[in-house]
Amino acid sequence: MSAARPPEGAHTAAGGEGAPVTAARPPEGAHTVAGGEGTPVNAQPAPALRASIPRTRADFHAEQGVLLVVRHAPPAPAPVAGQPAQVAGNPAEGVEILLVSRHRSSVGLRWPSKRIAALHRLPIRSVWAARCALRCAPMAARSLRHLIRDATLARSRRARAGALATGALALGAALLGWRPAIAPVAQMAGASVYSAATIERGRLLAAAGNCAGCHTAAGGRPNAGGRGLATPFGTVYSTNLTPDAETGIGQWSFSAFQRALREGIARDGRHLYPAFPYTAFAKIGDADLTALYAWLMAQPPQRSEVPATRLAFPFNLRPLLAGWNALFHDPRPWQPDPGRSPEWNRGAYLAQGLGHCGACHTPRNALGAEQGGAAWLSGAMVDGWEAPALTGLSKAPVPWDAAALYSYLRHGHSPEHGSAAGPMALVSCH
């Protein structure tokens, strides 16, 4: 025989077959825990139903995985004199159901569907509906576990998708950074192709650019490479600049040489690390590049196997330098400023291009690129030595003038500023 639907405002305990048990409505705002120790005395379930309802919160957690709380909606506030009366939301709706999981998170039960909406409280219009919701508590616990499982699987799928996207970006960068090799040329004697004046000009340019300072190992032959250049990303070893066909640049055409200095791409298509200052050498004009190439090819070849540069991941992925170049490199040659004097333009050409002063005297960002703006030539640290500012930010107690700078660069010493030491000594002696 089916039980009659209880009147509105009565409490009904669920959990087994039989007639519902009703109880008087507790005071407004009181909380009633299903099967908990706080159940009102006058709302005790019948003996036939008592065994199917957990007696304590701990038992309920162990059996169902959730704690079901039934509570009444608060009454409307009393009217205040002189102010309009406030109407409470859902005044005729008696109770609402709140599920609390083991992790202390609240979820609302949307009965009779099998879904759980996170942090959602669903008001129930009658105690009869509360009874049905109590019967669905095991189903709610299973749904909660399924919800957690589905969320974990979704996070796993998102992680895999992110890894695939990262791999696709890396592959795209590699493809975009790929450059073809330039065909080798037969080794030739520079003196038979270029004039003596062009070769002499190239010698002066090589001295101004301090090629031997970086491309000569300690105790090694000039420009034969092998010198280790310490960087925050690892040690980069300089290459052999002599015209040796196997270990040097003997098979490089002028086009390959020009591409290396302008774009940072070797003859075989590999990206060169910016420790080789192609960001500055790109400013060199074509005539000076030709003269520099002529002088290097006129030197005696030196066979020299230099150590391989091995940086940690991901800096060992040279194709990624295509992105670095897109961000920080301008391959356009230097252009004079028509509003400045020829002497000023000549100095700017040497400082920004061939002399690459900023490589040591400009601080770098986290990716190893020279900072621009007011930071250019504002001073930096190189191999534990301070490269002072070359601008008005200089801390020299005696201001520099043209004669002092000429003496310092030509002879490595200035009476007012002392002698060059550390990395600067290599610059002045070459």
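Q: What makes the contact between the side chains of Lys 283 and Asp 330 a salt bridge?
A: Between Lys 283 and Asp 330 the N to O distance is 3.8 Å. A salt bridge needs a side-chain nitrogen of Lys or Arg within 4 Å of a carboxyl oxygen of Asp or Glu, so this pair meets the cut-off. Side chains of opposite charge can pair when their charged atoms come close.

Q: What should I know about the model before reading on?
A: It is a predicted model, in which local features need pLDDT of at least 70 and side-chain atom pairs count only at pLDDT 80 or more, while totals for chains, interfaces and linings use all residues. Residues are numbered from 1 along each chain as its sequence is written, and side-chain values use heavy atoms, with hydrogens and water left out.

Q: Where do Lys 283 and Asp 330 lie in the chain?
A: Lys 283 sits in the loop between α8 (278–281) and α9, and Asp 330 in the loop between α10 and α11. The two are 47 residues apart, and the pair links distant parts of the chain. These element names come from DSSP runs (helices are H or I with at least four residues, strands E with at least two), numbered from the N terminus.

Q: Why do Lys 283 and Asp 330 get the labels they do, buried, partly exposed or exposed?
A: Buried means under 20% relative accessible area and exposed over 50%, with partly exposed in between (1.4 Å probe, protein chains only). Lys 283 has 17%, so it counts as buried. Asp 330 has 29% and therefore counts as partly exposed.

Q: How do you know that Arg 262 and Asp 286 form a salt bridge, and what does the pair tie together?
A: The closest N and O atoms of Arg 262 and Asp 286 are 2.7 Å apart. Arg 262 belongs to helix α7 and Asp 286 to helix α9, so the pair ties together parts that are 24 residues apart in sequence. Arg 262 is buried at 11% relative accessible area, whereas Asp 286 is partly exposed at 43%.

Q: What other salt bridges can be named, and how many does the structure hold?
A: The structure holds 9 salt bridges. One of the others joins Arg 364 and Glu 370, with the closest N and O atoms 3.8 Å apart. Arg 364 has 35% relative accessibility, so it is partly exposed; Glu 370, with 29%, is partly exposed too. Glu 246, Arg 303 and Glu 305 are linked in a network of salt bridges.

Q: Why is Thr 242 called buried or exposed, and what does it touch?
A: Thr 242 has a relative accessible area of 3%, so it is buried. It lies in the loop between β10 (234–237) and α7. Leaving aside neighbours within four places in sequence, its contacts (heavy atoms within 4.5 Å) include Pro 222, Asn 223, Gly 250 and Pro 301.

Q: What makes the largest nonpolar core a core?
A: A nonpolar core is a set of buried Ala, Val, Leu, Ile, Met, Phe, Trp, Tyr and Cys residues joined through side-chain atoms within 4.5 Å. The largest one has 28 residues, and those with the most contacts inside it include Trp 252, Phe 257 and Leu 261. α5 (196–208), α7 (254–263), α9 (286–297) and α11 (342–354) each give it two or more residues. The largest share, 8 residues, comes from α9. Leu 261 is in contact with residues including Phe 276, Phe 281 and Leu 292, leaving aside neighbours within four places in sequence.

Q: What makes Phe 313, Leu 317 and Leu 320 a nonpolar patch?
A: In such a patch, residues have over 30% relative accessible area and no salt bridge, and nonpolar side chains (Val, Leu, Ile, Met, Phe, Trp, Tyr) are joined within 5 Å; like charges are joined within 9 Å. Phe 313 has 63% relative accessibility, so it counts as exposed. Together the three residues have about 290 Å² of accessible area (Shrake-Rupley method, 1.4 Å probe; for residues, only the protein chains shown count as cover). Phe 313 also shares a cis peptide bond with Pro 314, with omega at about 5°.

Q: How do you know that some stretches call for care?
A: Over residues 1–73 the pLDDT (the predictor's confidence in each residue, from 0 to 100) is below 50. Residues 85–127 are below 50 as well. The protein chain averages 73, and 61% of the residues score at least 70. Where pLDDT is low, the predicted coordinates should not be read in detail.
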